Amino acid sequence: MNVSGRSTLDAPREAVFAAICDPGALLEVIPGCQEIQQVSADEYRGRIALRLPAMVGSYDTLVRLVQADPPAFGALEGRLEGRVGTIAGRATFRLADEGGRTVVEYEGTGVVSGPLARLDSRFIEGLARSLINEGLARLGRRLQDVPVEPARMSQPHGSPKESSK
């Protein structure tokens, strides 16, 4: 699986980079995120509930920031595990200043296993792009202090939990 894209957010890149590393912001902007904990300076664990075609269920996540050059660049490695399969991958993001706005460019690769691997790779890539685009849109609204509505792509079970740094 390969995904890439670009988005422009109406916020300075320092604020965008800080939000990407903030568990409270991530809990609010990741579609279906029920729980996220920062377990070390560069590692996060959480739970995501999705109600998407072929991906219904809860997934345990582990994400590590493996390389960073704030506020311009970051590289992540992660794993998403659920009843219907596992996705393990790596992603990079670049943040460029454009007159007080931030251009976010991202690239990611992933290996899908379990029952999910039977799905067409273009279908899985489309779902991944959709989730990323929704998350970036929600991040943009959060950084503009616009209330973020719960993601329509998910249905959380229980109340969100967050632990502080």
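Modeller: Welcome! Helices (H or I, at least four residues) and strands (E, at least two) are DSSP runs, numbered from the N terminus. You are looking at a predicted model, in which local features need pLDDT of at least 70 and side-chain atom pairs count only at pLDDT 80 or more, while totals for chains, interfaces and linings use all residues. Residues are numbered from 1 along each chain as its sequence is written, and side-chain values use heavy atoms, leaving out hydrogens and water.

Biologist: Which pattern does the chain follow along the sequence?

Modeller: The chain has 3 helices and 8 strands. Read from start to finish, they follow the pattern β-α-α-β-β-β-β-β-β-α-β.

Biologist: Over which residues is the pLDDT below 50?

Modeller: pLDDT is the predictor's confidence in each residue, from 0 to 100. The chain averages 88, and 88% of the residues score at least 70. One stretch has 40 contacts (heavy atoms within 4.5 Å) beyond near neighbours in sequence. Its pLDDT is nevertheless below 50, and it covers residues 150–165.

Biologist: How many of the 165 residues, in percent, are buried?

Modeller: Buried means under 20% relative accessible area, exposed means over 50%, and partly exposed lies in between (1.4 Å probe, protein chains only). Cys-21 counts as buried because its relative accessibility is 16%, and Cys-33 counts as buried because its value is 10%. Across the chain, the buried share is 40%.

Biologist: What span should helix α3 have?

Modeller: The expected span of a helix is 1.5 Å times one less than its number of residues. Helix α3 has 23 residues (121–143), and its end C-alpha atoms lie 33 Å apart, which agrees with the expected span of 33 Å.

Biologist: What do the buried residues of α3 pack against?

Modeller: Among those buried residues are Ile-124, Leu-127, Leu-131 and Leu-139. The buried residues of α3 pack against β1 (2–9), α1 (13–20), α2 (23–29), β3 (43–50) and β7 (101–113).

Biologist: How are the rings of Phe-17 and Phe-93 paired?

Modeller: Rings of Phe, Tyr and Trp (its six-membered ring) pair if their centres lie within 6.5 Å; planes under 30 degrees apart are stacked, over 60 edge-to-face, and the rest tilted. The structure holds 1 aromatic pair. Phe-17 lies in α1 and Phe-93 in strand β6 (residues 85–98), so this pair ties together parts 76 residues apart in sequence. The centres are 5.8 Å apart and the planes meet at 45°, so the pair is tilted.

Biologist: Is Ala-96 buried or partly exposed?

Modeller: Ala-96 is found in strand β6. Leaving aside neighbours within four places in sequence, Ala-96 is in contact with Arg-13, Arg-101, Thr-102 and Val-103. Its relative accessibility is 37%, so Ala-96 counts as partly exposed.

Biologist: Which peptide bond is cis?

Modeller: Most residues other than glycine have a negative phi, and most peptide bonds are trans. Here, Pro-71 is found in the loop between β4 (57–69) and β5 (73–82). The cis bond, with omega near -5°, runs from Pro-70 to Pro-71.

Biologist: Which residue with a positive phi follows α3?

Modeller: Its phi is near 60°. The residue is Asp-145.
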